[in-house]
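Visitor: I'd like to know what stands behind the labels people put on a structure like this one. Can we go through it together?

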Amino acid sequence: MTTRRKFLEKISATSVAVPLLYSPLNLFASSTVHYEGPVLNVAIMGLGSYGTRVAEAMQACKRAKLVGVISGTPSKVKKWQSTYGIPSKNCYNYDNFDAIKDNPDIDAVYVITPNGLHKDQSIRVAKAGKHVICEKPMGINAQEGQEMVDACKAANVKLLIGYRMHFEPKTVAVIKMRKEGQFGDLKFFQGQSGFTIGDPNQWRLNKELSGGGAMMDIGIYSINGARYMLGEEPIWVTAQETKTDPVKFKEGIDETIQFQMGFPSGAVANCLSTYNMNNLDRFFMTGSKGIVEMQPSTGYGPIEGRTHEGPLTQPHITHQTLQMDGMAALIFDGIKPIVPVDGEEGVKDMKIIDAIFQATKTGEKVML
C-alpha cells in the first residue's frame, strides 16, 4: 500500500487498473480495464472508530484517496499522518478547516462526526467549495437535512450521504431481482436493527449530539432498507416506544421503537430498532412469487442471505471501499448507484424518522 501511495503522489492523473464495479453489464466483474482519470482526494473529518474503518478501506480504492484529516485531537492527527502518509499542509482542526478552500489538493470532505454537528460542518465544507460526503443520518431532523441540500446546491458542490449498502454486492443483487419482478407483487417487509449499547456517557446517548437514540444510529437501516427493498416511498407510519432504563436512556433518547410503514402498493413494513437487544440485523421480504432473507443484512460484512432461488453468492468486498470508489465515479463521471446516495435521499429518511418520533408521542398514524 505504501508503494501504491507513493506512485499516486507522483502523478496528477492516475492510470491504474480498475475493477468494473459500475459496468451496467456486469456490476462486480473480476476483470479489469485501463482507467485514466482523476482520483477523488478526500479529507476525513472525525477520526473515531468509523473514520478509521473508512480510512483503512480507502487504501484499496482505485478512484479515491485519503489525503487529509480534520480533528480536534492533535495526537490522532499525528498518528494518522504516520499511518497514512498525510502531509501537514492537509491537516486541520475544527476551528480552521474553512481554510481548505485554498487547498487544491483536497476535493471532498467526509464528515464522520456526531449527528448534531453534521449540518454546520457540512455547510462550512460546502462554502469552502469542497464536495461533502456526510455519514448518515445526515442531521438530526429533515429541516437540517434540507438546509444542507440547499447549501450544497448554492455552493455548486455535491452532497453525498454514507449509504454504503447501496454499493454492497448482495444488496445490489436483491434490488435488481426486485426490479426484474422476480419477487412478484411485494407484500411485506420486516427489518430488525439492534444491539445492546455500552458506555452510558458516549455521545450516542447525548440528545444534543445524537438527535436521538437507536433510531438515529441503526433504526435508519431498516427505514432505508424497506425503501430500497420494496422500491417505494411510505405514505404513513405508526410507532410504539418502549423504555426500560430511563436513567441510561434519558428524555429524547429512544431505547426501543417498533414502527410500521405503509406503502402505495398496499405493502407494509414492520420494523424494530433497539439499543437493548443483541444480534438484530435481519431483513425479510415476501412477495407473490418469492422471498428474500438477509442476516446479517447491514453489518460490515460479509452480508449473508438467500432467496426462493437459493443462497446469495455475490462476493464480499469491503463496503467502504466500494462506496468511496462509487462516489468518485458519481462525482467525476455521473455514474449513479442503483439506489441514490445524494442529499435528497438522506432527507427522505429524515422525514420518516421525524414522523416516527411524532407517532411515538401521539400514538396516532402519521401521514407522510
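Guide: Sure. Let's start just past a helix: α3 is followed by G85, which has a positive phi, near 65°. Keep in mind that this is a predicted model.

Visitor: Which residues of α3 are buried?

Guide: In α3, residues 74-84, the buried ones are V77, W80 and Y84; buried here means under 20% relative accessible area.

Visitor: What puts them on the same side of α3?

Guide: The arc they cover around the axis is only 65°, so they sit on the same side of α3. On the face turned away from that buried side you find the exposed residues P74, S75, K78, K79 and S82.

Visitor: And Y50, why does it count as buried?

Guide: Its relative accessibility is 12%, and the cut-off for buried is under 20%, so Y50 counts as buried. Y50 belongs to helix α2, residues 49-58. Setting aside neighbours within four places in sequence, Y50 has contacts with Y110, I112, E135, R164, Y300, Q320 and Q323.

Visitor: How far is Y50 from T113 in sequence and in space?

Guide: They are 63 residues apart in sequence, and 9.3 Å apart in space, C-alpha to C-alpha.

Visitor: What makes α6 oblique to α8?

Guide: The axes of α6 and α8 (residues 214-230) cross at roughly 45° and come within 8 Å. Roughly parallel would need an angle under 35 degrees, and roughly perpendicular runs from 65 to 115, so α6 is oblique to α8. On the α6 side the contact is made by T171, V174, I175 and R178, and on the α8 side by Y228, M229 and L230.

Visitor: Now the sheet. What makes β16 and β17 edge strands?

Guide: The sheet is open, with nine strands in the order β16-β15-β14-β13-β9-β12-β11-β10-β17 and mixed pairing. β16 (310-311) and β17 (366-367) each pair on one side only, and they are the edge strands.

Visitor: How do you know that β15 and β16 pair?

Guide: Pairing takes at least two bridges, and β15 (residues 305-307) and β16 have two, in the antiparallel sense. R306, for one, has P311 of β16 as its bridge partner. Helix α6 (residues 169-179) packs on this sheet, touching β9, β14 and β15.

Visitor: How confident is the predictor in the chain?

Guide: The average pLDDT is 92, and 90% of the residues score at least 70. Over residues 1-31, though, the pLDDT is below 50. Where pLDDT is low, the predicted coordinates shouldn't be read in detail.

Methods. Residues are numbered from 1 along each chain as its sequence is written. This is a predicted model: local features need pLDDT of at least 70, side-chain atom pairs count only at pLDDT 80 or more; totals for chains, interfaces and linings use all residues. Side-chain values use heavy atoms; hydrogens and water are left out. Buried means under 20% relative accessible area, exposed over 50%, partly exposed in between (1.4 Å probe, protein chains only). Helices (H or I, at least four residues) and strands (E, at least two) are DSSP runs, numbered from the N terminus. The arc is that of the directions from the helix axis to the C-beta atoms. pLDDT is the predictor's confidence in each residue, from 0 to 100. Contact means heavy atoms within 4.5 Å. Axes are lines fitted to C-alpha atoms, for helices over the stretch in contact, and angles run from 0 to 180 degrees between N-to-C directions. Angles under 35 degrees count as roughly parallel, over 145 as roughly antiparallel, 65 to 115 as roughly perpendicular and the rest as oblique.
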